[in-house]
Every structure is written in structure tokens, then in C-alpha cells.
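Welcome! Take a moment to look over the sequence and the model, and then let us walk through some of the details together.

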Amino acid sequence: MVKANWTVLVFLAGDNDLEGAAIKDINEMEMVGSLEGKVNILAQVDRAADYDNSNDDWRSTRRYYITKGADTKKITSKLIADLGATNTGDPKVLMDFIRWGFNEYPAKHYMLVLWNHGSGFYVPPEMLLGENAPSSREITTRALPKLRRSMFRTAREHILSLPPKERGICYDDGSNDCLDNKELKNILQYASSLIDGKKIDVLGMDACLMTMIEVAYQVKDYVKFLVGSEETEPGDGWPYDRVIKALVDNPKITPKDLAVHIVAKYIESYDKFGEFDTDVTQSAMDLERLKDLVDSIDNLADALLKNLQDPELDGAISKAWRKSTRFFDNYYIDLHNFASFLKGGVNGKIQKACQYVIDSIEGRVKKATPIVAEGHLGPRMERVKGISIYFPPFRNPSVYYKELDFANTTKWGDFLEKYLT
């Protein structure tokens with residue numbers, strides 16, 4: 001079988017309040033469509049029951065080969081399969097989509113786009129231990145809406161079946177990010193095995209809050225470039241017509257150039273004065289260039305740990321955290337912001353460690369920054385640099401954070417545990 005230049009798989013988990021946006025994005029894809037023999041655009045979409053009644057209001061999961069169409073309200077692409085009811089939270093569903101796409105539409109390059117709500121590494125106060133653990137009523141009124149934001153929901157279903165004490169410590173880490181990122185790594189490892197151990201060229205996160213160092217490090221062994229947002233994304237998400245047009249216009253586009261293009265077109269799509277009153281970010285990371293940045297964060301964490309008894313350091317850390325751009329109820333901070341502000345309030349080894357982080361992000365260490373493209377709009381995002389890190393505002397940070405590869409490799413989790421306990 002002759003290989004195309006690119007095969008793009010878009011996994012639209014639309015069985016939620018984003019159902020209408022999922023339909024709209026498929027229509028955007030159809031404005032350009034696939035390019036026979038060169039570019040294959042594949043979409044698998046699961047729908048909800050309550051948010052959008054267009055296109056005969058079908059409720060099952062469908063798989064499409066995207067073709068060009070002029071109707072901007074109706075899906076006209078080739079329907080490959082109706083899969084019936086599926087749980088997009090089950091990793092096996094995504095793995096089956098990837099296997100089908102790779103086997104039926106082999107290509108020299110692959111992009112996988114995960115489309116859904118996103119939450120990076122999300123740990124809310126509800127996970128605190130002891131008597132503060134959520135009751136059954138809290139699970140229904142407070143936790144469940146948050147849990148619906150998770151990309152994968154198999155863990156959520158397990159958490160909700162646990163006794164309250166067990167559920168209280170792990171419902172959020174398990175259902176939103178800690179276990180989710182472990183599942184994601186397993187899925188990408190499987191995908192890589194289907195193409196003889198090669199890496200997926202581009203992993204697109206058309207979801208909120210996913211360009212974190214923790215997420216990037218978790219998937220680095222199986223992905224070349226990661227594209228996503230530090231901040232929450234507007235409902236319109238990616239401009240799929242502009243993204244696909246770059247592929248159709250130039251099927252030989254490199255993975256790096258495609259990643260850079262996505263960032264530019266995403267920012268361009270929201271740069272319309274008065275149309276969107278929102279803050280947006282998008283960045284692309286070369287995951288093969290993470291080492292220096294990871295080493296610099298480890299070095300900073302080590303320096304902080306060794307000096308936590310210094311009473312002036314606590315104030316400097318707190319001030320730097322407050323001045324940094326923060327995301328998602330203040331659970332994450334822009335890494336470059338934090339290092340820059342902390343550098344101005346300390347001296348000696350910590351100051352040098354902060355500069356090491358800054359230089360690693362800006363590409364002054366071996367001229368190999370992992371950030372190959374970054375864009376932002378809005379007054380709150382003026383200082384962001386494209387990558388965030390976990391730094392919650394409350395005591396008792398998540399014990400499950402240490403299950404992430406990044407936390408096992410660096411001392412950042414140890415620093416958080418000491419500083420926040």
C-alpha cells in the first residue's frame with residue numbers, strides 16, 4: 001500500500017457540553033478536506049444527548065474520512081463506521097481508533113489530535129485527607145462536574161465506586177490527571193508500537209491547560225512535537241480549516257513546521273478586536289529538547305530544598321508565585337514567570353538556578369529551547385512563555401503527583417511537599 005505524506009486522526013470526545021463545537025469543527029475540516037493519496041483526515045466523534053440536535057441528532061459514535069464539502073451546517077464526509085455507544089473515557093476506544101487509522105491509512109507522518117475538556121495535572125482542594133474528604137453529596141454537587149472535564153473517565157468510574165475515605169484522597173488525581181496521564185502514556189506507547197517504534201510526529205491537544213512540563217515529559221518517549229495551550233481554550237478551539245489547509249497546500253511540510261503553523265493560525269484566529277473578550281495561549285514543544293529544561297528545574301528544586309530554612313526565602317517564593325501568571329484556579333504557574341520573579345528576590349545558588357531555567361526556556365543553553373513556537377493574546381497573558389508547572393496554592397499537595405514521570409525524575413515534587421506541608 002502506498003503511503004500518504006500525512007494521516008491526521010482527530011479524536012473528538014463530544015459526549016459533553018462541547019457537542020456543538022465538535023460538529024462545528026468537523027464542518028471546519030470539511031472546508032478543506034483530505035487530499036487523495038497525500039493527506040488523510042480522519043475523525044471519530046462521540047455525541048451527547050442534550051446540546052446539539054443538528055445532523056439528524058444521531059447519538060452514537062461515528063468514524064469519518066473527511067472530504068471537502070460546501071455545507072457549513074451539515075456533515076457531508078464519508079461515513080466509515082457507526083460504532084454505536086462508546087465510552088470515550090475508555091482508553092481502548094482511542095487505541096482502536098489509532099489502530100484503524102494507522103492500518104487503513106498508512107503515512108510517512110502522523111498527527112493525533114485529542115479534542116476534549118482538559119485539565120493538565122488538576123488537583124482541587126477536595127482531595128485533602130481526613131475529615132475534609134468529600135461526602136457522597138459533595139461528590140454529586142461539587143466533584144462530579146469537575147470529573148466530567150477529564151479526558152479519560154475509566155478512572156473516574158472506579159473512583160466513584162470507592163468508599164468515601166479512599167475516594168477522598170484520589171478521586172481528582174485519579175480521574176483527572178495523575179492516572180489520566182499514565183493512561184495517555186500507555187496509549188501513545190501502543191500507537192508507537194504500530195509504526196515500528198517510531199514516534200508520533202505531532203500530538204495536538206485541542207483541550208485546556210495541557211502544555212505543562214509534566215504532560216510534556218510524560219509523553220516525550222513517543223511524540224516528537226506537542227502543541228497545546230497553557231490557558232483554558234475558548235469553545236471554538238483550533239481553526240481546523242487553517243490547520244488542514246497547510247497540509248493540503250504543502251503535503252511535504254515537516255512536523256516542526258506544522259507545529260509552528262498550528263500555533264500561528266490558532267492565535268491568528270482569535271486576533272480580532274472586539275470579537276473575543278478572552279485570553280488565549282498556544283505553544284509548540286520539541287520533546288526531544290526537554291533535557292536541559294528538566295535538568296534546570298531539578299537544579300532549582302534542589303537549591304530551594306537546601307535553603308528552605310532561610311526565613312527570607314519563603315517570602316521570596318510567595319512573592320514570585322503571586323506575581324506569576326497562574327492558570328486554572330491558581331494550580332499552575334507559568335514557569336518562566338516564576339523563575340524570573342524569584343531570581344529578583346534571591347541571591348547566590350538559587351539566583352543562578354533561576355537563570356538556568358530562564359536560559360533553558362529561551363534557548364541559551366546549547367541553543368536548544370524546547371519551545372519552537374509560542375503565541376498569546378489578552379492582558380493576562382502578556383508575560384507567558386509557553387510552558388507551565390504544577391504549584392498549587394494550598395497545603396498538602398497531591399501525593400499522587402509523584403506517580404508522574406517528571407516527579408520521579410526531578411526534585412520538584414519533593415520541593416512542593418516540603419514547602420507546602
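Let us start with Val-219, which counts as buried, with a relative accessibility of 0%. Please keep in mind that what you are looking at is a predicted model. The points below go on from this residue to other buried places, then to salt bridges, a small sheet and a patch of charge.

**Buried residues and their surroundings**

- Val-219 belongs to helix α6, which covers residues 213-219.
- Along the sequence, Val-219 and Asn-186 are 33 residues apart, and in space their C-alpha atoms are 9.1 Å apart.
- Ile-350 is found in helix α12, made of residues 348-362.
- Is Ile-350 buried or exposed? Its relative accessibility is 6%, and because buried means under 20%, Ile-350 counts as buried.
- Ile-350 and Ala-339 are eleven residues apart along the chain, and 9.7 Å separates their C-alpha atoms.

**Salt bridges**

- How many salt bridges does a search of the whole structure find? The search finds 17, and three of these pairs make good examples to follow on screen: Asp-96 with Arg-63, Lys-185 with Asp-405, and Lys-291 with Asp-295.
- Asp-96 and Arg-63 meet through their side chains, at 3.0 Å from N to O. This pair links distant parts of the chain, with Asp-96 in helix α2 (residues 91-104) and Arg-63 in strand β3 (residues 61-65), 33 residues apart.
- The two partners have their own surroundings: Asp-96 is partly exposed, with a relative accessible area of 28%, while Arg-63 counts as buried at 5% relative accessibility.
- In the salt bridge between Lys-185 and Asp-405, the closest N and O atoms are 2.6 Å apart. Lys-185 sits in helix α5 (residues 164-194) and Asp-405 in helix α13 (residues 405-409), so this pair ties together parts that lie 220 residues apart in sequence.
- Lys-291 and Asp-295 also form a salt bridge, and here the closest N and O atoms are 2.7 Å apart. Both belong to helix α9 (residues 291-306), and because they are four residues apart there, about one helical turn separates them.
- Lys-291 is exposed, with a relative accessible area of 58%, whereas Asp-295 counts as partly exposed at 30% relative accessibility.
- Salt bridges can also share partners: in this way Arg-63, Asp-96 and Arg-99 are joined into one network.

**A sheet of three strands**

- An open sheet is built from three strands in the order β9-β10-β12, and their pairing is antiparallel.
- Which strands stand at the edges of this sheet? They are β9 (326-327) and β12 (388-390); each has a single partner strand, so one side of each is left without a neighbour in the sheet.
- Strand β10 (residues 332-334) runs antiparallel to β12, and three bridges join the two.
- If you look along this pair, you can find Ile-333 standing opposite Ile-389 in β12.
- As a general rule, the strands of a sheet pair through backbone hydrogen bonds, in either a parallel or an antiparallel way.

**A patch of positive charge**

- Which residues gather in a patch of positive charge on the surface? They are Lys-319, Arg-322, Lys-323 and Arg-383.
- Lys-319, one of these residues, has its place in helix α10 (residues 311-323).
- The relative accessible area of Lys-319 is 47%, so this residue is partly exposed.

Definitions and conventions
Residues are numbered from 1 along each chain as its sequence is written. This is a predicted model: local features need pLDDT of at least 70, side-chain atom pairs count only at pLDDT 80 or more; totals for chains, interfaces and linings use all residues. Side-chain values use heavy atoms; hydrogens and water are left out. Patches are made of residues with over 30% relative accessible area and no salt bridge: like charges are joined within 9 Å, nonpolar side chains (Val, Leu, Ile, Met, Phe, Trp, Tyr) within 5 Å. Accessible areas come from the Shrake-Rupley method with a 1.4 Å probe; for residues, only the protein chains shown count as cover. A salt bridge is a side-chain nitrogen of Lys or Arg within 4 Å of a carboxyl oxygen of Asp or Glu. Lys and Arg count as positive and Asp and Glu as negative; His and the chain ends are not counted. The place of a charge is taken as NZ of Lys, CZ of Arg, CG of Asp or CD of Glu. Buried means under 20% relative accessible area, exposed over 50%, partly exposed in between (1.4 Å probe, protein chains only). Two strands pair if DSSP finds at least two bridges between them.
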